[in-house]
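Trainee: Could you pick a single part of this molecule and take me through it closely? I would like to see how its residues fit with their surroundings.

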Amino acid sequence: MIQSIARKQIAPLGLWVLFGCTSISWLITAAIAPEMAQAYTARVEVSLISQPDESYANFLRRAEAIARAAAQRSFDGDILVTDVAVTIIGQHNNAIAPILLLDVSRQNWKRRPIVSFWATYFPGTQSLLDFSQPSESNQPPESEPNQ
């Protein structure tokens with residue numbers, strides 16, 4: 001009778017030992033090697049409206065300044081951000097088009113924080129936004145011919 005009781009408890013005892021060892025090894029692993037931080041890309045989109053009588057060169061300079069500030073703010077605001085993608089969308093004369101895309105890693109930005117070095121410029125933007133024409137708000141009203 002004692003032998004039968006001893007045999008019946010060996011199986012449950014073996015399961016408890018297995019479960020206990022597994023739990024202890026999991027706890028030790030979790031304590032020694034905590035979860036790794038997840039890095040990610042911050043994506044920012046900014047709309048920029050042209051000023052009256054503003055040239056395309058000035059408009060582009062403002063876009064670069066805004067992109068630079070947005071990238072720096074993204075890196076400063078979250079230490080887990082490894083890459084930043086800033087898209088500047090321009091609006092002029094009721095037309096909307098992308099001006100530039102700044103896509104840069106934190107390491108490259110620290111080494112060289114210059115927008116023009118990391119940005120992709122869209123070559124057709126000036127004509128799409130019709131910067132060759134004066135803006136609608138600046139055109140003088142058409143006068144009727146004298147009769």
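**A close look at one helix and its core**

Mentor: Happy to! Leaving aside neighbours within four places in sequence, L102 is in contact with A67, A71, V84, A85, V86, W109, V115, W118 and A119. Keep in mind that this is a predicted model. L102 is a good way in, since L102 is among the residues that touch the most other members of the largest nonpolar core, along with V86, I88, I99, L100 and W109. That core has 27 residues. Two or more of them come from each of β1 (40-49), α2 (56-77), β2 (81-92), β3 (95-105) and α4 (115-118). The largest share, 8 residues, is given by α2, so α2 is the part I would choose for you. In general, nonpolar side chains in soluble globular proteins tend to be buried together.

For orientation, the protein has 5 helices and 4 strands, arranged along the sequence as α-β-α-β-β-α-α-β-α. Buried residues account for 25% of its 147 residues. Of the contacts between residues at least 6 apart in sequence, 59% link residues at least 24 apart.

Now to α2 itself. Its 22 residues, at 1.5 Å a residue, should span 32 Å, and the end C-alpha atoms lie 31 Å apart, which agrees. The buried residues of α2 are Y56, F59, L60, A63, A67, A70, A71, S74 and F75. They take up an arc of only 130° around the axis, which means that they sit on the same side of α2. Exposed on the other side are R61, R73, D76 and G77. Two names on the buried list, A67 and A71, you have already met as contacts of L102.

S74, also in α2, deserves a pause. Its relative accessibility is 13%, below the 20% cut-off, so S74 counts as buried. What does its side chain reach? The backbone oxygen of A70, at 2.9 Å. Not counting residues up to four places away in sequence, S74 touches A42, V44, V81 and V84. V84 also appears among the contacts of L102.

Next, follow the helix to R62. R62 is partly exposed, because its relative accessibility is 27%. Its partner is E54: the two form a salt bridge, with the closest N and O atoms 2.9 Å apart. By the rule used here, the count of salt bridges comes to 1. E54 belongs to the loop between β1 and α2. Is E54 buried or exposed? At 13% relative accessibility, E54 counts as buried, so this salt bridge joins a buried residue to a partly exposed one.

E54 has further links. Its side chain reaches the backbone nitrogen of F59 at 3.5 Å, and F59 is one of the buried residues of α2. Setting aside neighbours within four places in sequence, E54 is in contact with F59, R62 and F131.

Let me finish with α4, which also gives residues to the core. F117 lies in this helix and is partly exposed, because its relative accessible area is 43%. F117 and V104 are 13 residues apart in sequence, and their C-alpha atoms are 9.6 Å apart in space.

To put α2 together: its buried residues share one side, it supplies the largest share of the core, and R62 forms the salt bridge with E54.

Conventions: Residues are numbered from 1 along each chain as its sequence is written. This is a predicted model: local features need pLDDT of at least 70, side-chain atom pairs count only at pLDDT 80 or more; totals for chains, interfaces and linings use all residues. Side-chain values use heavy atoms; hydrogens and water are left out. A nonpolar core is a set of buried Ala, Val, Leu, Ile, Met, Phe, Trp, Tyr and Cys residues joined through side-chain atoms within 4.5 Å. Buried means under 20% relative accessible area, exposed over 50%, partly exposed in between (1.4 Å probe, protein chains only). Contact means heavy atoms within 4.5 Å. A salt bridge is a side-chain nitrogen of Lys or Arg within 4 Å of a carboxyl oxygen of Asp or Glu. A polar contact is a pair of N or O atoms within 3.5 Å; within protein, one must be able to donate a hydrogen and the other to accept it, and residues adjacent in sequence count only if both atoms are side-chain atoms. The expected span of a helix is 1.5 Å times one less than its number of residues. The arc is that of the directions from the helix axis to the C-beta atoms.
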